[in-house]
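Welcome to this tour. Please open the structure in your viewer and follow along, one selection at a time.

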Amino acid sequence: MIPEVVKNFLLQNKEKQGFFCLQLTNDLLIEHVYGKPQQLGLSPPKKGLKVLEVLPVFLPEMYNEEFEIPFYNLSEHSVCNIYFIKKHKENYLIFVDKSEIFQVTQKYQQFAHEDNISKNKFKRIAQELERAKQKLNKSNQEKATLIAMLSHELGTPLTSILGYCELLLEEDENNHNLQVIHRNSIYLQHLIENTLLFGKTEVDSMSTHIETINVEDFLGSLVDTILPAALEKDIFISAQSSEQGTINIDVTRTKQILINLLNNAVKYSNHGSVKICCHVSKEQYEFLISDTGIGIDVAQQNNIFNPWERVNKNDGKGSGIGLFISQKLAKAIGGQLQLKESTKNVGSVFQLLLPVKEPSVNHENKTPSQTICLQAKTLLVIDDDQDVLDLIEAFLEKTELKVITALSFLDAESILIKTNVDLILTDLNVGAAKAPTFLKELRNDKCDVPVVLMSAMPSNKAKQQFIENGFNNVMLKPFNHNQLLKTITTNI
Amino acid sequence: MSVAKKICLIGRFAVGKTSLVKQFIEKQFGEKYKTTVGVSISTKNLTVENKDISLVIWDIAGFEQDGHYAHYMRGVHGLIWVLDGTEPESFKILETINNSLPEIKQVPSVCFINKCDLVDEWVIKESEINSLKEFNYAVYKTSAKTGENVEAGFTKLASLLLSSL
């Protein structure tokens, strides 16, 4: 008969599963065995034995108080709850079978833990990926900053080289040595522009600035740019438009793309001709650049828009980023650039398609005009590079404009106190000082003289930002004689 | 005369407590993870510094349910904290349990940082391991798979238990 105290205990604890119970003396000797220990895979212990000889794992337990051990794993398939209870002078060690509930619990817990382990693993992988991404972004950003800084720094000396070269050519336009320097300086300028764009992370999301321009003037300016290089190789260069009148395009970016293509066309032609055609329709503008050059192998045609790919890697010409940049630029302004056809030793045709767009709102207050009289006007030029100041003075020598130069913003402020100035032309960084700070101070002092910024950063976004910050215009470095005059007459 | 001492392995789920016991007692390792529910108790007799000791090893289920371990810790003589060198979360258990059961701070303990064989997945830095010194535990980088430091760690705890007699 199972003792009442055990029955009551099991009832109170809602233990309904199979069990067995050992009644123990105070010396922990087995007095009685109730139930069937075999059900839990144990041999029936003999009466009179010490319980710890039968269950040595409970040797260190303290039997001076009641205790409970839930889910004790007797074996892989046999699990029980163990209760030690003391009533009056009797001790009972009760084993309640929990094998069934254990199986279910084990199954759910296994599933939950494995799920948790997988989630943690994925979480860690995601964190690792995020860290790697941030590291990559940071190094990309650093690379872009470095390239931008280098390109910017290169732009300033190039302004002097190109500018003085132009001045010398005005005096001696047939000087072959000067022509070579000039041509290579232009090529260097072109390379810097491309490198700067390559380093820019935001090329894909570049803002566009649509301007209205006469198509023939536009094509003419392209031909003018490329003409010296074409003449050097006796290559005939021509431009043709299906219609007269105006087109609405991002002039700066489109020009960059087409100059890249025309440069390549001349570079990879040894004779014959290079032609640029513009077809205007209601939906789009199509520019076709064809040459009679070396052509591109069929196998290479799919790779030419990848960075650092060149048609002929052994010719020492080009950096291999021109077409890559051009295609990115075309995409950025909503267009499409592709190789239309190419035959080895016959030539290539590249096609640039641009959508017809409405012109952007013009932030410039005045329309360009070279006819503005500069007599009795004063220009203040601020730059910490004496060569640039001298060059601008030399460029403007033959105009009636009065040019005052300053090597620092401090000098400029002193000049402005004493002199009436009609236009300020300033570099972005003058020593350690920044032009936007100078402009802010100027406007705080109620000085409303127009200020044009000189910067070697060709990004439309940056230009837009400078104009929003209060600059009247931005002139890109390097600039030539005509560009300088145009900027002055537009803004004075 | 051998002395019997109850020691508990405590740590988060899947840190390798059961595998450490299996390696210590049977010199075996199973690749398949099987979660422990409740407690498995096994014994191992050791002779340390010419003294015999019987370690009654309580391998307790992972410490995810609040307070479920209190039943098992009753009368414990020694503790093995098991952390996982590939799982930073497993380190939080030390603080959690020490806070909920302050009396166990007095119990002789060692700390295993398990899975040291998983070199590529190891994420715990030396500085984090050094920070465990505040708990004053002997720390072992263990591998239940290769057996590295397993015997040494259990023996250290046995030695601590014998010296506390």
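How many residue pairs are in polar contact across the interface of chain B and chain A? The rule finds 16 such pairs, counting those where both residues have pLDDT 80 or more. That cut-off is there because what you have on screen is a predicted model, in which side-chain atom pairs count only at pLDDT 80 or more.

**Stop 1: the interface**

Stay with the two chains and colour them separately. On chain B, 28 residues are in contact with 28 residues of chain A. About 2400 Å² is buried between chain B and chain A, and carbon and sulfur atoms give 56% of that area.

Now select, on chain B, strand E1 (3-10), strand E2 (39-48), strand E3 (51-60) and helix H2 (70-73): each supplies at least two residues of the side of chain B that touches chain A. Which of the elements gives the largest share of that side? It is E2(B), with 4 residues. If you colour the side of chain B that touches chain A by class, you will find 11 nonpolar, 10 polar and 7 charged residues.

Next, pick Glu76(A) and Lys34(B). Their side chains meet in a salt bridge, at 3.4 Å from N to O. The count of salt bridges between chain B and chain A is 3, while a search of the whole structure finds 17 over all chains.

**Stop 2: a link within chain A**

Move to chain A and select Asp383(A) with Lys477(A). The side chains of this pair also form a salt bridge, 3.5 Å from N to O. Asp383(A) sits in the loop between strand E13 (378-382) and helix H9 (386-395), and Lys477(A) in the loop between strand E19 (473-476) and helix H13 (481-491), so the pair links distant parts of the chain, 94 residues apart.

Keep Lys477(A) selected and add Pro478(A), which lies in the loop between E19 and H13 of chain A. The peptide bond from Lys477(A) to Pro478(A) is cis, with omega near -5 degrees.

For another backbone detail, go to Leu28(A), in the loop between strand E1 (19-24) and strand E2 (30-35) of chain A. Phi of Leu28(A) is near 65 degrees, a positive value in a residue other than glycine.

**Stop 3: two helices in chain B**

Finish by selecting helix H1 (residues 17-26) and helix H5 (residues 150-163) of chain B. They pack at an angle of about 90 degrees, with their axes 9 Å apart. H1(B) is therefore roughly perpendicular to H5(B). Show the side chains where they meet: Leu20(B), Gln23(B) and Phe24(B) from H1(B), against Val150(B), Glu151(B) and Phe154(B) from H5(B). By class, the residues of this contact are 4 nonpolar, 1 polar and 1 charged.

Notes. Residues are numbered from 1 along each chain as its sequence is written. Chains are lettered from A and ligands numbered from 1 in the order in which they are written. This is a predicted model: local features need pLDDT of at least 70, side-chain atom pairs count only at pLDDT 80 or more; totals for chains, interfaces and linings use all residues. Side-chain values use heavy atoms; hydrogens and water are left out. Axes are lines fitted to C-alpha atoms, for helices over the stretch in contact, and angles run from 0 to 180 degrees between N-to-C directions. Angles under 35 degrees count as roughly parallel, over 145 as roughly antiparallel, 65 to 115 as roughly perpendicular and the rest as oblique. Contact means heavy atoms within 4.5 Å. Ala, Val, Leu, Ile, Met, Phe, Trp, Tyr, Cys and Pro count as nonpolar, Asp, Glu, Lys and Arg as charged, and the others, Gly among them, as polar. Buried area is the accessible area (1.4 Å probe) that two parts lose on being put together, summed over both. A salt bridge is a side-chain nitrogen of Lys or Arg within 4 Å of a carboxyl oxygen of Asp or Glu. A polar contact is a pair of N or O atoms within 3.5 Å; within protein, one must be able to donate a hydrogen and the other to accept it, and residues adjacent in sequence count only if both atoms are side-chain atoms.
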